[in-house]
Amino acid sequence: MTLRVRFAETDQMGVAHHGAYVVWMEVARVEWMRTLGLSYAALEASGVSMAVSRIDVRYRHAAHFDDLVRIDCAMTRLRSRYARFEYDIRLEDDTPVASALSEHVPTDRRGRAVRLPVAWSDALAPHAAEGPRDAP
C-alpha cells in the first residue's frame, strides 16, 4: 500500500515521527488482510483481537512531510496462537526507509490467548512462509 506522510505525523523538522511507522504498519497489515477477503473488523466483532506482542523497526532513511511511501507487508509465520508480519517501507524512488516486523497473539475480549479461528487460519495459511503450526 502507498500513503503520503501527513503533517501531523512529523516533528518540527518535517521528519516523520518514529511512532507513525507503527500506524503505517497496521494500515498495511489490515489492507493486506482485506486483499485476501478477510475483514479485521469482522474478526474483532467475533470477539477475537490480534494483540501485538512484539514490534521491531529498523530505521534507515528519514521520511518527510508529503513524501509518498510504500509499505509492503508479508506474513512470514503463522501458528494457531501466533502470527508474524514483516514490512518493507520505501520512498516512491525506492529508497529504503525502514524494515520492520510485528508479532501478534489472538486474544479474547478478556485478553487471554486463544486459537485463531479456523476460517482465518485456513485463509491465511497459504500466504504464510511457514504455514500453520502449533503455538510458539
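Colleague: In this model, where is Glu103 found?
Modeller: Keeping in mind that this is a predicted model, you will find Glu103 in strand S5, which covers residues 96-107.

Colleague: Why does Glu103 count as buried?
Modeller: The relative accessibility of Glu103 is 10%, and the word buried is kept for values under 20%, so Glu103 counts as buried.

Colleague: How do you know that the side chain of Glu103 makes a polar contact with the side chain of Tyr82, and what about Arg84?
Modeller: A polar contact needs a suitable pair of N or O atoms within 3.5 Å. The side chains of Glu103 and Tyr82 are joined at 2.9 Å, while those of Glu103 and Arg84 are joined at 3.5 Å, so both pairs meet the distance cut-off. If neighbours within four places in sequence are left aside, Glu103 is also in contact with other residues, including Ala51, Val52, Ser53 and Arg54.

Colleague: What makes Phe7 and Phe65 an aromatic pair, and why is the pair called edge-to-face?
Modeller: Ring centres must lie within 6.5 Å, and planes over 60 degrees apart count as edge-to-face; by this rule the count comes to 4 aromatic pairs. For Phe7 and Phe65 the centres are 5.5 Å apart and the planes make an angle of 90°, so these two rings pair, and they do so edge-to-face.

Colleague: What makes this a link between distant parts of the chain?
Modeller: The two residues are 58 residues apart, with Phe7 in the loop between strand S1 (2-4) and helix H1 (18-35), and Phe65 in the loop between strand S2 (49-59) and strand S3 (68-79).

Colleague: Why is Phe7 called exposed, and why does Phe65 count as partly exposed?
Modeller: Exposed means over 50%, buried means under 20%, and partly exposed lies in between. Phe7 has a relative accessible area of 60%, so it is exposed, whereas Phe65 is at 43%, so it counts as partly exposed.

Colleague: Why is the aromatic pair of Tyr21 and Trp24 called tilted?
Modeller: Their centres are 4.7 Å apart and their planes make an angle of 45°; that angle is neither under 30 degrees, as stacked would require, nor over 60, as edge-to-face would require, so the pair is tilted. Tyr21 and Trp24 are 3 residues apart in helix H1, which means that about one helical turn separates them. Both are buried, with a relative accessible area of 2% for Tyr21 and 0% for Trp24. Ring pairs link these two residues with Tyr59 into a cluster.

Colleague: How do you know that Arg29 lies over the face of Phe85?
Modeller: For an Arg, the CZ atom has to be within 6 Å of the ring centre and also within 35 degrees of the ring normal. Arg29 is listed over the face of Phe85, at 6.0 Å from the ring centre.

Colleague: What is special about the phi of Asp94, and where is Asp94 found?
Modeller: Asp94 has a positive phi of about 80° although it is not a glycine, and it is found in the loop between strand S4 (82-91) and S5. Its relative accessible area is 41%, so it is partly exposed. The side chains of Asp94 and Arg70 are joined by a polar contact of 3.4 Å. Asp66 likewise has a positive phi of about 80° without being a glycine, and its place is the loop between S2 and S3.

Colleague: What makes the protein chain as compact as a globular protein of that length?
Modeller: The chain has 3 helices and 5 strands, and its radius of gyration is 16 Å, close to the 14 Å that the globule rule gives for 136 residues, so the description is justified. Of the 136 residues, 41% count as buried.

Colleague: How much confidence goes with the protein chain, and where does pLDDT stay under 50?
Modeller: The mean pLDDT is 93, and 95% of the residues reach 70 or more, but pLDDT stays under 50 over residues 131-136. Where pLDDT is low, the predicted coordinates should not be read in detail.

Technical notes. Residues are numbered from 1 along each chain as its sequence is written. Side-chain values use heavy atoms; hydrogens and water are left out. Rings of Phe, Tyr and Trp (its six-membered ring) pair if their centres lie within 6.5 Å; planes under 30 degrees apart count as stacked, over 60 as edge-to-face and the rest as tilted. Helices (H or I, at least four residues) and strands (E, at least two) are DSSP runs, numbered from the N terminus. Buried means under 20% relative accessible area, exposed over 50%, partly exposed in between (1.4 Å probe, protein chains only). pLDDT is the predictor's confidence in each residue, from 0 to 100. Contact means heavy atoms within 4.5 Å. A polar contact is a pair of N or O atoms within 3.5 Å; within protein, one must be able to donate a hydrogen and the other to accept it, and residues adjacent in sequence count only if both atoms are side-chain atoms. The radius of gyration is taken over C-alpha atoms; the globule rule is 2.2 Å times the number of residues to the power 0.38.
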